[in-house]
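Let's take a friendly walk through a few local features of this chain. Keep the viewer open and follow along.

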Amino acid sequence: MKPMAQQLTEIFDRLPEQEQQTLLDFAEFLKSRAPDVEASIEEPLGLPRPDEESVVSAIKRLKKNYPMIPQKDLLHETSDFMMQHMMQGKPADIIIDELEILFEAKYLKITGSEE
C-alpha cells in the first residue's frame with residue numbers, strides 16, 4: 001500500500017463512524033471532480049441489500065457497490081426514480097428493485113456482458 005493510502009487508512013480507522021462517513025462522502029465528491037479518470041472495470045462489491053432501506057440509501061449503496069459506473073451515466077435515471085417515489089408515491093421497495101436492475105444493466109454494458 002502506498003504511504004499516503006496507509007496514512008489515510010490510519011486516519012479513517014481512528015475516526016468515529018459519523019466522521020468516517022463524512023470522509024468517505026468527501027472522497028467520493030473529490031473523485032467525481034477528477035478530470036477524465038478512468039475507473040477500472042471490476043466486479044461489483046456485493047454489498048447486501050438491507051431489509052429496510054430508503055431510496056436515497058439504496059442509491060448510495062448501489063453507487064458504492066458499482067464504483068466502475070461513471071456517476072454521469074446514472075444521474076438522469078436515478079433522479080427519475082427518486083421523483084417517481086417522492087412525487088408519485090411509488091413504493092420504495094419497487095423503486096429499489098428497479099434501481100438494482102438499472103445498476104446491473106449499466107454494469108453489464110460497461111463490461112460488455114450485456115445479452
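The second largest pocket of this predicted model has a volume of about 160 Å³. Its lining is made up of L8, F12, L23, L24, F26, A27 and L30. Two elements give two or more residues to that lining, namely helix 1 (3-14) and helix 2 (17-33). Which of them gives the most? That is helix 2, with five residues. In character, the lining divides into seven nonpolar residues, no polar and no charged.

While you are looking at helix 2, turn to Q20, which is found in this helix. Q20 counts as buried because its relative accessibility is 19%, and the cut-off for buried is under 20%. The Q20 side chain reaches the backbone oxygen of F12 at 2.8 Å, and F12 is also one of the residues lining the second largest pocket. Leaving aside residues up to four places away in sequence, Q20 touches F12, D13 and L15.

Next comes a charged residue, E53, in the loop between helix 2 and helix 3 (55-65). Is E53 buried or exposed? With a relative accessible area of 14%, E53 is buried. The E53 side chain makes a polar contact with the side chain of R61, at 2.8 Å. R61 also appears among the residues that E53 touches, which are A58, R61, A92 and I96 when residues up to four places away in sequence are not counted.

S79 offers another side chain to inspect, this time in helix 4 (residues 75-86). S79 is partly exposed, with a relative accessible area of 33%. A polar atom of the S79 side chain lies 2.8 Å from the backbone oxygen of L75.

The polar contacts of these three side chains can be set next to one another:

| Side chain | Partner | Distance |
|---|---|---|
| Q20 | backbone oxygen of F12 | 2.8 Å |
| E53 | side chain of R61 | 2.8 Å |
| S79 | backbone oxygen of L75 | 2.8 Å |

Now for the aromatic rings. How many aromatic pairs does the structure hold? There are two. One of them joins Y66 and F103 in a tilted arrangement, 5.9 Å centre to centre and with 40° between the planes. Y66 lies in the loop between helix 3 and helix 4, whereas F103 sits in helix 5 (residues 92-111), so this pair ties together parts that are 37 residues apart in sequence. Both partners are shielded by the accessibility criterion: Y66 counts as buried at 5% relative accessibility, and F103 is buried with a relative accessible area of 0%.

Y66 also pairs with Y107: the ring centres are 5.8 Å apart and the planes are at 55°, so this pair is tilted. Here too the pair links distant parts of the chain, with Y66 in the loop between helix 3 and helix 4 and Y107 in helix 5, 41 residues apart. Y107 is buried, as is Y66. Taken together, ring pairs link Y66, F103 and Y107 into a cluster.

Methods
Residues are numbered from 1 along each chain as its sequence is written. This is a predicted model: local features need pLDDT of at least 70, side-chain atom pairs count only at pLDDT 80 or more; totals for chains, interfaces and linings use all residues. Side-chain values use heavy atoms; hydrogens and water are left out. Helices (H or I, at least four residues) and strands (E, at least two) are DSSP runs, numbered from the N terminus. Buried means under 20% relative accessible area, exposed over 50%, partly exposed in between (1.4 Å probe, protein chains only). A polar contact is a pair of N or O atoms within 3.5 Å; within protein, one must be able to donate a hydrogen and the other to accept it, and residues adjacent in sequence count only if both atoms are side-chain atoms. On a 1 Å grid over the protein atoms alone, a cavity is a set of points where a 1.4 Å probe fits but cannot get out, and a pocket is an open set with protein on both sides within 12 Å along at least five of seven lines; lining residues have an atom within 4 Å of a point. Grid points are joined across faces, edges and corners, and a volume is the space filled by probe spheres set on the points. Ala, Val, Leu, Ile, Met, Phe, Trp, Tyr, Cys and Pro count as nonpolar, Asp, Glu, Lys and Arg as charged, and the others, Gly among them, as polar. Contact means heavy atoms within 4.5 Å. Rings of Phe, Tyr and Trp (its six-membered ring) pair if their centres lie within 6.5 Å; planes under 30 degrees apart count as stacked, over 60 as edge-to-face and the rest as tilted.
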